[in-house]
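Open your viewer and get ready to click along. At each stop you will select something and then read what is there.

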Amino acid sequence: MSKTVATVGAGRNEPREALAAVIAGDESGLRCLAELLAPYLPAPATPVEPDRWLTTREAAVYAGTSVNALHKVMAAREVHFEQDVPGGRAWFRRADIDAWRRGERPGSRVRRAA
């Protein structure tokens, strides 16, 4: 049984030729088919930055609010944050800011960093 490989060229039958080449086992046909389908596929996802500690100002910018509004939310214990000492700098995780924006209440009110 002889294997016929369709060459893929520019023309009306390009998708059919690419598909025929893939079926015949031609790797170049697979590449051509991938190029033809690329405009119809979603863009690759951007890499997600790892969750890190944010200062109050960074957390406010990330949440799209003011520092004063974030302080009010902290006072109402509506968002999870950590402090080294009472009254010291507050630190936030992006995941906690996201949870607050979704309307979730923190499980344990205020935890202090160890």
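What pLDDT does the chain average, and what share of the residues score at least 70? This is a predicted model, so colouring by confidence is a good way to begin. The chain averages a pLDDT of 79, and 81% of the residues reach a score of at least 70. Now select residues 1-10, where the pLDDT is below 50; this stretch has 14 contacts in the model beyond near neighbours in sequence. Then select residues 108-114: pLDDT stays under 50 here too, and the model has 15 contacts for them beyond four places in sequence.

**Stop 1: the whole chain**

Switch to the cartoon view. You can find five helices and four strands. Following the chain along its sequence, you will meet them in the pattern α-α-β-α-α-β-β-α-β. Next, turn on the surface. The chain exposes about 8400 Å², with 56% of that supplied by carbon and sulfur atoms. Of the 114 residues in the chain, 25% are buried. Among the contacts with a separation of 6 or more, 51% are between residues 24 or more positions apart.

**Stop 2: helix H1**

Select residues 14-24, which form helix H1. Is Ala-18, in this helix, buried or exposed? Ala-18 is buried, with a relative accessible area of 0%. Try the distance tool between the C-alpha atoms of Ala-18 and Arg-31: they are separated by 8.5 Å, and their positions lie 13 residues apart along the chain, counted as a step from one to the other.

Glu-14 is in helix H1 as well. Its relative accessibility is 18%, so Glu-14 counts as buried, since the cut-off for that word is under 20%. From the C-alpha atom of Glu-14 to that of Gly-29, 15 residues apart along the chain, the separation is 9.8 Å.

**Stop 3: strand S3 and its partners**

Select residues 90-93, which make up strand S3. In a regular strand the side chains alternate between the two faces of the sheet. Show the side chains and look for this in S3: Ala-90 and Phe-92 point to one face and are buried, while Trp-91 and Arg-93 point to the other and are not.

Now add strand S1, residues 53-54. S1 and S3 run antiparallel and are joined by two bridges. Trp-53 is the residue that stands opposite Arg-93 in S3. Where does Arg-93 lie relative to Trp-53? Arg-93 lies over the face of Trp-53, at 4.2 Å from the ring centre.

Strand S2, residues 82-83, is another partner. S2 and S3 pair in the antiparallel sense, again over two bridges. Click on Gln-83, and you will find its bridge partner in S3, Ala-90. The hairpin of S2 and S3 has six residues between the strands, and within this hairpin Gly-87 takes a positive phi near 80°.

**Stop 4: a pair of rings**

How many aromatic pairs does the structure hold? There is one. Select Phe-81 and Phe-92 to see the pair: the ring centres are 6.0 Å apart and the planes are at 40°, so the pair is tilted. Phe-81 lies in the loop between helix H4 (67-75) and strand S2, whereas Phe-92 is in strand S3, so the pair ties together parts that are 11 residues apart in sequence. Phe-81 counts as buried at 2% relative accessibility, and Phe-92 is buried at 0%.

**Stop 5: Arg-77 in the loop**

Stay in the loop between H4 and S2 and select Arg-77. Most residues other than glycine have a negative phi, and most peptide bonds are trans. Arg-77 has a positive phi of about 60° although it is not a glycine. With a relative accessible area of 34%, Arg-77 is partly exposed.

**Stop 6: Arg-94 and its contacts**

Finish at helix H5, residues 94-101, where you will find Arg-94. Arg-94 counts as buried, at 16% relative accessibility. Which residues is Arg-94 in contact with, leaving aside its neighbours within four places in sequence? Select Val-48, Glu-49, Asp-51, Arg-52, Leu-54 and Tyr-62 to show them around Arg-94.

Note on methods
Residues are numbered from 1 along each chain as its sequence is written. Side-chain values use heavy atoms; hydrogens and water are left out. Rings of Phe, Tyr and Trp (its six-membered ring) pair if their centres lie within 6.5 Å; planes under 30 degrees apart count as stacked, over 60 as edge-to-face and the rest as tilted. Buried means under 20% relative accessible area, exposed over 50%, partly exposed in between (1.4 Å probe, protein chains only). A charge sits over a ring if NZ of Lys or CZ of Arg is within 6 Å of the ring centre and within 35 degrees of the ring normal. Contact means heavy atoms within 4.5 Å. Accessible areas come from the Shrake-Rupley method with a 1.4 Å probe; for residues, only the protein chains shown count as cover. Two strands pair if DSSP finds at least two bridges between them. pLDDT is the predictor's confidence in each residue, from 0 to 100.
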